[in-house]
Each structure stands twice: as C-alpha cells, then as structure tokens.
Amino acid sequence: MALAGGVGAAKFLAGLVRVVDPAEVTVVGNTGDDFVLHGLAISPDLDTVTYTLAGVANPETGWGLAGETFRAMEALERLGGESWFRLGDTDLATHLYRTGRLAAGASLSDVTAELAAALGLSARLLPMSDEPAPTLVHLASGEQVSFQEYFVHRRHAEPVSNLDLAPARAARPAPGVLAALEQADLVVVCPSNPLVSIAPIRAVAGVEAVLAARRAATVAVSPIVAGTALRGPADRLLGELGHEASATGVARLYAPIAATLVLDQADAGLAEQVEAAGMRAVVTDTIMRSPDAAAALARVVLEARSR
Ligand code: FO1
C-alpha cells in the first residue's frame, strides 16, 4: 500500500502497477489540498492519482486531463468569475459528479471508488479521511490562507511560517485506511512533499501510531534530489519551516515511520547522514523521466523492503 500526494506520487504509482498486480495495491491519498470552488468539491490529489493510473492525465502538467479544453473557464472569466484555478471542461464533470454524490449523502470514499471504477482502475484508492481536513497555510505576512490559495493563486511565492494540520488531526481515517496500513506487506511513502502531502495523512487520527508500528515494512522515496524539489515548493517549504532541504532532512522527518529511504544517486554522498538519522539508505535513480524509469524505481522500492 502507498501514501500519496499528487503528481510525483501518481507517476510513481503508474510505475508500481506495471511491476505488481494493481489489484494488490491500495493507495491512501492526501485530501489536505481539497477545497470548494464555485460550489464544487475538488480533490486534486485523488483526481491526479485516478487520472494518471487510468492513463488519461495531462502529460505536460501531470494534473488534469490530456487533450483538455477550458471553454467553461473562458466563459467564467468573461463573467468576472474566479478563474485562477483552471478547471478543464472534461475535468469539470468529475467535480460535478463528486459534488452531486456528496450532496446526496455519499461519502468521499464512495465517490472516490466510483470515479476510480468508472475510469477502469484496478488499484484501490482511499481518501485519507471522509471528513474535510483542509491544510491551513499561515503566511509569514501573518495572513492565513487555504492550501490552493497559497499554492496555485499565489503561485507558492510567499514565505510560509506554519502549516496548520489541526483539521486533519480532528479527522477520522476513512474506512479501510488503518486496516490497509496494518495488513500491507509493504508500505510505500511515495515521492511527495513530506510537509504538505504526506504530513496531512500522518496527522489523521490514529494513522501515525499505525505507521510507526509498521516502520520495518515501510520504504519512503525522497522527493528532494540534490537539495531541490523536482516540482513544487518542497525545498523552499522545508527551509522555511526549519528543516534541511535535502534527503537528510527528509530522512529526519520520515525516520519515525519508515526504516528505509530511497534517495537519488546525485545524493549518494548523503547516505551516511541518512543512516545517522536512523534510516537505511538505498541509492538509485529516482528521477522518473519515463514510465520505464518509474517502473524501475518501483522495483527498487519493492526490493528495498524484502532485503
Ligand atoms: N495546479 C496549478 O498549478 N494550477 C491550476 O490551475 C490547477 C488546477 C487544477 C485543477 C484540477 C486538479 O485536479 C488539479 C489542479 N492543479 C492545478 C494541481 C493542484 O492544485 C496541485 O498540484 C496539488 O494540489 C498539489 O498536489
């Protein structure tokens, strides 16, 4: 089973399901980025994983759908509506479906499973919680904003002083999350942002304790390569929030829940520091330039557990 954020995790998972039976894979997705816009319930990370595993994700952005058009957004812009969060015409159907089903009383778990089935996924995708658990971003300016306001509207350009995960802490795990963690042969922490993608999942009530108990079975992949995040603001955020922006910094964050860290060959020189932080270091090429490269990384992760 795997803990997943958005684009980096989705790419890794697309590689994983090429080397293991997807029906054996359970993914727990971050919902700390979820928000409501235009009255629509939007779950970006769950959708990114679903679209990528279904082979219909936009290959340029990693999020949204391939071959997408934005005519509804253009019309909305003409009306003076909020158009900074680009919802494609086809992607809108997902949010309309989710919003309608939630309004009718379905849980986010139900809707996530329905969307995954409709797109032909064999892997099981669970939200971390069925309850809203938005990550609250405190900016150094003193303002408090939603995750997407920080990440997309303000282009993660403003320094952050704190990430408030209180809503995740108050949320109960979705049905099946704790059981999946308890029963998995292998728990993978996907190459996602440790602070905004993985920390919200860890914060959900009861999850950290089960993860800690499964530490020996858990392999994490560092999303930081040579001090830089391959995408997004993970490197800057780590620094702003008092962590080291390196594989070593990632190891210090993950040591309580994972025995092994897979880090990039560019960081081979950090293996000793990673081990000093309490994690076994496995060095390989972690940059997923192609589906083959993602599958090769998945193979290394699987072997890292069995060794
Ligand atoms: N990311 C952007 O940078 N700009 C967007 O306009 C945007 C729209 C969007 C629509 C649907 C969706 O599922 C994801 C979308 N994302 C967009 C990605 C998303 O906001 C972030 O990558 C994740 O929340 C971080 O994992």
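This is a dialogue about reading the empty spaces, the cores and one buried helix of a predicted model.

Visitor: Before I look at particular residues, how does one read empty space in a structure, and what volume does the largest pocket have here?

Guide: Rolling a probe the size of a water molecule over the atoms shows where empty space is left. In this predicted model, the largest pocket comes to about 920 Å³, and 42 residues line it, with G6, V7, W63, F151 and R231 lying nearest its centre.

Visitor: Which helices each supply at least two residues of that lining, and how do the lining residues of the largest pocket divide by character?

Guide: At least two residues apiece come from α1 (7–19), α2 (44–54), α4 (89–103), α6 (147–153) and α9. By character, the lining of the largest pocket divides into 21 nonpolar, 14 polar and seven charged residues.

Visitor: How much space lies in the second largest pocket, and which residues are closest to its centre?

Guide: The second largest pocket holds about 440 Å³ of space, and of the 21 residues lining this pocket, K11, A14, T52, P59 and P291 are the closest to its centre. Helices α1, α2 and α14 (291–306) each supply at least two of its lining residues, and the largest share, six residues, comes from α1. The lining of the second largest pocket divides into nine nonpolar, seven polar and five charged residues.

Visitor: V7 was named for the largest pocket; is V7 buried or exposed, and which residues does V7 touch?

Guide: A residue counts as buried when its relative accessible area is under 20%, and V7, with a value of 13%, is therefore buried. V7 is found in helix α1 and, leaving out residues up to four places away in sequence, touches T48, T61, G62, W63 and R231. For a comparison of sequence with space, take V7 and P233, which are 226 residues apart in sequence and 13 Å apart from C-alpha to C-alpha.

Visitor: How many cavities of 30 Å³ or more are there, and what lines the largest cavity?

Guide: A cavity is a space where the probe fits but cannot get out, whereas a pocket is open. The count comes to one cavity of 30 Å³ or more, and the largest cavity has a volume of about 40 Å³. Its lining is made up of N58, T61, W63, G64, L65, E68, F70, R86, L87, G88 and D91, which divide into four nonpolar, four polar and three charged residues.

Visitor: Turning from spaces to packing, how many residues has the largest nonpolar core, and which of them have the most contacts inside it?

Guide: A nonpolar core joins buried nonpolar residues through their side-chain atoms. The largest one here has 54 residues, and those with the most contacts inside it are L3, L181, Y254, L261 and M279; helix α9 (residues 194–203) gives the most to this core, with six residues. Apart from neighbours within four places in sequence, Y254 is in contact with V189, S192, P194, I198, R202, A220, L261 and M279. A second, separate core of 28 residues includes A10, V27, A123 and L186.

Visitor: Why is α9 described as largely enclosed, and which residue caps its N-terminal end?

Guide: Ten of the ten residues of α9 are buried, so the helix is largely enclosed by the rest of the structure; among the buried residues are I198, R202 and A203. N193 caps the N-terminal end of α9, where a side-chain oxygen of N193 lies 2.8 Å from the backbone nitrogen of L195.

Methods
Residues are numbered from 1 along each chain as its sequence is written. This is a predicted model: local features need pLDDT of at least 70, side-chain atom pairs count only at pLDDT 80 or more; totals for chains, interfaces and linings use all residues. Side-chain values use heavy atoms; hydrogens and water are left out. On a 1 Å grid over the protein atoms alone, a cavity is a set of points where a 1.4 Å probe fits but cannot get out, and a pocket is an open set with protein on both sides within 12 Å along at least five of seven lines; lining residues have an atom within 4 Å of a point. Grid points are joined across faces, edges and corners, and a volume is the space filled by probe spheres set on the points. Ala, Val, Leu, Ile, Met, Phe, Trp, Tyr, Cys and Pro count as nonpolar, Asp, Glu, Lys and Arg as charged, and the others, Gly among them, as polar. A nonpolar core is a set of buried Ala, Val, Leu, Ile, Met, Phe, Trp, Tyr and Cys residues joined through side-chain atoms within 4.5 Å. Buried means under 20% relative accessible area, exposed over 50%, partly exposed in between (1.4 Å probe, protein chains only). Helices (H or I, at least four residues) and strands (E, at least two) are DSSP runs, numbered from the N terminus. Contact means heavy atoms within 4.5 Å. A polar contact is a pair of N or O atoms within 3.5 Å; within protein, one must be able to donate a hydrogen and the other to accept it, and residues adjacent in sequence count only if both atoms are side-chain atoms.
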